[in-house]
Amino acid sequence: MRILLLHGPNLSQLGSRDPAVYGTATLDDVVEAARAQAQAAGADLDHLQTEHEGDAITRLHATRTDGTDAVIINAGAWTHYSYALRDALELLSVPKVELHLSNVHAREAFCTTSVIAPACDGSIAGFGKAGYPLAVQAALALAAERPA
Ligand code: DQA
């Protein structure tokens, strides 16, 4: 099994970005938490963080042919308005897990809408770094259920 973990804008700044909301774990820390869970299950985890929407979309397109079995995406603020990202996710037949560190449902009004949620199988939000292994477990469980 091969999972793509994709991070969108400003998540490169984790660790020092508003720790009261996002915690003190760095991007490397949360990726490592996901990778450890994947490896424990015998799966591989690829990771990309980008500030550029087009790069994220190009990477999602690549999963159509590169053997990726599931996608986990923390799209940052793109979550709330990027129909281009939503369209790219809709193109994929593999399981897709939407992930957020913070509880987006309990935040500013603009955060409570996710335009990518309808293109994903489910979402995990509000558990900080602990959400990453949970997302890996969800992605692997959904991928294992898919018909070969
Ligand atoms: C976030 C939530 C988004 O609303 C915000 O724009 C982010 C981070 C999260 O992980 O909690 O950049 O995706």
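## Strands β3 and β4 and the ligand site

Strand β3 is covered on both of its faces, with Ala70, Ile72 and Asn74 buried on one side and Val71 and Ile73 buried on the other. Buried here means under 20% relative accessible area, exposed over 50%, and partly exposed in between, computed with a 1.4 Å probe and the protein chains only. The model is predicted: local features need pLDDT of at least 70 and side-chain atom pairs count only at pLDDT 80 or more, while totals for chains, interfaces and linings use all residues. Residues are numbered from 1 along each chain as its sequence is written, and side-chain values use heavy atoms, with hydrogens and water left out.

Five of the five residues of β3 (residues 70–74) are buried, so this strand is largely enclosed by the rest of the structure. Strands (E, at least two residues) and helices (H or I, at least four) are DSSP runs numbered from the N terminus. β4 is likewise mostly covered, five of its five residues being buried: Lys96, Glu98 and His100 lie on one side, and Val97 and Leu99 on the other.

Strand pairing, which requires at least two DSSP bridges between two strands, is summarised below.

| Strand pair | Sense | Bridges | Bridge partners or opposite residues |
|---|---|---|---|
| β1 (residues 2–7) and β3 | parallel | five | His7 and Asn74 |
| β3 and β4 (residues 96–100) | parallel | three | Val71 and Lys96 |
| β4 and β5 (residues 122–125) | parallel | four | Val97 and Gly122 |

Together with helix α4 (residues 83–90), β3 and β4 form a right-handed β-α-β unit. Right-handed denotes a path from the first strand over the helix to the second that runs clockwise when the strands point away from the viewer.

The largest nonpolar core has 25 residues, of which Val30, Leu45, Ile72 and Val136 touch the most other members. Such a core is a set of buried Ala, Val, Leu, Ile, Met, Phe, Trp, Tyr and Cys residues joined through side-chain atoms within 4.5 Å. At least two residues of this core are supplied by each of β1, α2 (27–40), β3, β4 and α5 (131–145). The largest share, six residues, comes from α5.

Asn74 of β3 and His100 of β4 are among the residues around the ligand, as are Arg17, Ala77, Ser102 and Arg107; the criterion is a heavy atom within 4 Å. An N or O atom in the side chain of Asn74 is 2.7 Å from an oxygen atom of the ligand. For the side chain of His100, the corresponding distance to a ligand oxygen atom is 2.8 Å, and a backbone N or O atom of Ala77 lies 3.2 Å from an oxygen atom of the ligand. The protein covers 97% of the 320 Å² of accessible area that the ligand has on its own, by the Shrake-Rupley method with a 1.4 Å probe.

Ser102 belongs to the loop between β4 and β5. This residue is buried, with a relative accessible area of 6%. The side chains of Ser102 and Arg107 are joined by a polar contact of 3.0 Å. A polar contact is a pair of N or O atoms within 3.5 Å; within protein, one must be able to donate a hydrogen and the other to accept it, and residues adjacent in sequence count only if both atoms are side-chain atoms.
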